[in-house]
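Me: I have a model open and want the reasoning behind its labels. Take me through it, one label at a time.

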Amino acid sequence: MTPDMRFGLPGGRGDLETGGPTSATELGRTAEALGFDSLWFTDGHLTSVGSRALRARPAPIPLAAAAAAVTSRIRLGFTALHVAQYDPIRLAADLATLDRLSGGRVILGVGWPVADYSRVTRCPGGDADLPEALDTVLRYWRGCSVVADGAQYRVGPTPVQHPHPPVEVAAHTDESVVWAANRGYGLLIAATGTTRSMAEQAALFVSRGGRTADLRVERFCLVARTDGEADQIARPIVERLTGRLASLCGDEHGHRTAGPPELDPARFLRETAIVGGPETVARRLAALRDELGIEQVNIRPSFSGTVPLRVQQNSVRLFASEVVPIIRSLPARQAAHQ
């Protein structure tokens, strides 16, 4: 959308659509037509009975395949696949098939599931399991064979992208940020943290060898015609969202958790969400570019399913038609200081 910043949209249920194949294809067409760089599909199939969380999401890989079938340019990412919970042969084959069907557009976002998922599935699911599971998938894609009863087998197909699709880590601890940097993976920073906590994660990633070009941040984002209108719409939404996140102890899809201070509604609206008219939103995003070197931003227009569909659609179209041109007009390294 701009030479120096690229923007993604959620592609799963709860953000702009209902999650079925028809809506996934409609969203894919719309996002590509509006100039968005990527669509992101979220793993997570469990919701505690009686909780305030959203209903469980549909499987992300089939949704991504539905979007791939009706698009030609937009990239298809995951935020984030719980790779340790999958059969590695099946996961390697499914993702490689998706990469081939899409012409090499897959981004492999990986992360850790919440503790409930590990308990229900009776899989260890601990922090140590993700690196091993990811390494196994990558070995299959590099052509390493599987040995069973003295016989060797090769896992196929392999992805179009060589040696494999880019890997991005939804880190939830400082240790996982360092691991991502050391391995040359990208870092996906969750939408629930403040600008300060986001900056701290980015600084740690870069200090351990990560590249700023491999940083991707999520931001809850609502655009309206004016700052006043946006604020009026967003305040009750943020109150609902922060209440929900507090009930989940700040955990969302295995990302780093947000603590009680970060979930104060007034602070969340001021420091975490990006809310305003087109110029305000553009300048806040340009500040991420100029102060932190952020080039990739996934906007979250539904605020985890708390925003009415009509408001989401209006916000996304204003973002594409008005926010992006303003960002493009702001010279790099000067936008944050004007």
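Reply: Start with a strand pair. In this predicted model, strand β7 (residues 167–170) and β8 pair in the parallel sense over three bridges.

Me: What makes β7 and β8 a pair?

Reply: Two strands count as paired when at least two bridges link them. β7 and β8 have three bridges, so they pair. Within β8, Leu187 is the bridge partner of Val169. From β7 the chain crosses through helix α6 (residues 174–183) to β8, and this β-α-β crossover is right-handed.

Me: Which strand pairs with β8 besides β7, and in what sense?

Reply: Strand β9 (residues 215–223) does, in the parallel sense, over three bridges. Ile189 stands opposite Val217 of β9.

Me: How do you know that both faces of β8 are covered?

Reply: Look at the two sides of residues 186–189. Gly186 and Leu188 are buried on one side, and Leu187 and Ile189 are buried on the other.

Me: Why is α2 called largely enclosed?

Reply: Seven of its 10 residues are buried, so the rest of the structure largely encloses α2. The buried ones are Pro60, Ile61, Leu63, Ala64, Ala66, Ala67 and Ala68.

Me: Why is Ala64 called buried?

Reply: Buried means under 20% relative accessible area. Ala64 has 0%, so it is buried. Ala64 sits in α2, which covers residues 60–69. Leaving out residues up to four places away in sequence, Ala64 touches Phe41, Leu76, Phe78 and Leu98. Ala64 and Gly77 are 13 residues apart in sequence, with their C-alpha atoms 8.0 Å apart.

Me: Which residues have the most contacts inside the largest nonpolar core?

Reply: Phe7, Phe36, Phe78, Leu285 and Phe319, in a core of 71 residues. Apart from this core lies another of 18 residues, among them Leu245, Phe268, Leu269 and Phe303. Leu285 touches residues including Met5, Phe7, Ile274 and Phe319, not counting those up to four places away in sequence. In soluble globular proteins, nonpolar side chains tend to be buried together.

Me: What makes the span of α10 agree with expectation?

Reply: Helix α10 (residues 278–292) has 15 residues. At 1.5 Å a residue it should span 21 Å, and its end C-alpha atoms are 21 Å apart, so the two agree. Its buried residues include Val281, Leu285, Leu288 and Asp290. Among the elements covering them are β1 (6–10), α7 (195–207) and α11 (309–329). Just after α10, Gly293 has a positive phi of about 75 degrees.

Me: How close is α5 to its expected span?

Reply: Helix α5 (residues 129–141) has 13 residues and reaches 19 Å from first C-alpha to last, close to the expected 18 Å. Its buried residues, including Leu130, Leu134, Tyr140 and Trp141, pack against α3 (88–101), β4 (106–110), β5 (145–148), β7 and α6. Gly143 follows α5 and has a positive phi, near 95 degrees.

Me: Why is Cys144 called partly exposed, and Cys221 buried?

Reply: Partly exposed covers values between the 20% and 50% limits. Cys144 is at 33%, so it counts as partly exposed. Cys221 is at 2%, under 20%, so it is buried.

Me: How many disulfides are there?

Reply: A search of the whole structure finds zero. A disulfide would need a pair of cysteine sulfur atoms within 2.5 Å.

Me: What is notable about phi at Phe303 and Ser304?

Reply: Neither residue is a glycine, yet phi is positive at about 50 degrees for Phe303 and about 55 degrees for Ser304. Phe303 lies in the loop between β11 and α11, and Ser304 lies there too. Phe303 has 0% relative accessible area, so it is buried. Ser304 is at 4%, under the 20% limit, so it counts as buried.

Me: Which peptide bonds are cis?

Reply: One joins Thr79 and Ala80, with omega about -5 degrees. Ala80 lies in the loop between β3 (75–78) and α3. Another runs from His162 to Pro163, with omega near 0 degrees. Pro163 is in the loop between β6 (151–154) and β7.

Technical notes: Residues numbered from 1 in each chain as written. Predicted model: local features only at pLDDT ≥ 70, side-chain atom pairs only at ≥ 80, totals over all residues. Heavy atoms only, no water. Helix = DSSP H or I, 4+ residues; strand = E, 2+ residues; numbered from the N terminus. Buried < 20%, exposed > 50% of the residue type's maximum accessible area, 1.4 Å probe, protein only. Contact = heavy atoms within 4.5 Å. Core = buried A, V, L, I, M, F, W, Y, C linked by side-chain atoms within 4.5 Å. Right-handed = clockwise from strand over helix to strand, strands pointing away. Expected span 1.5 Å × (residues − 1).
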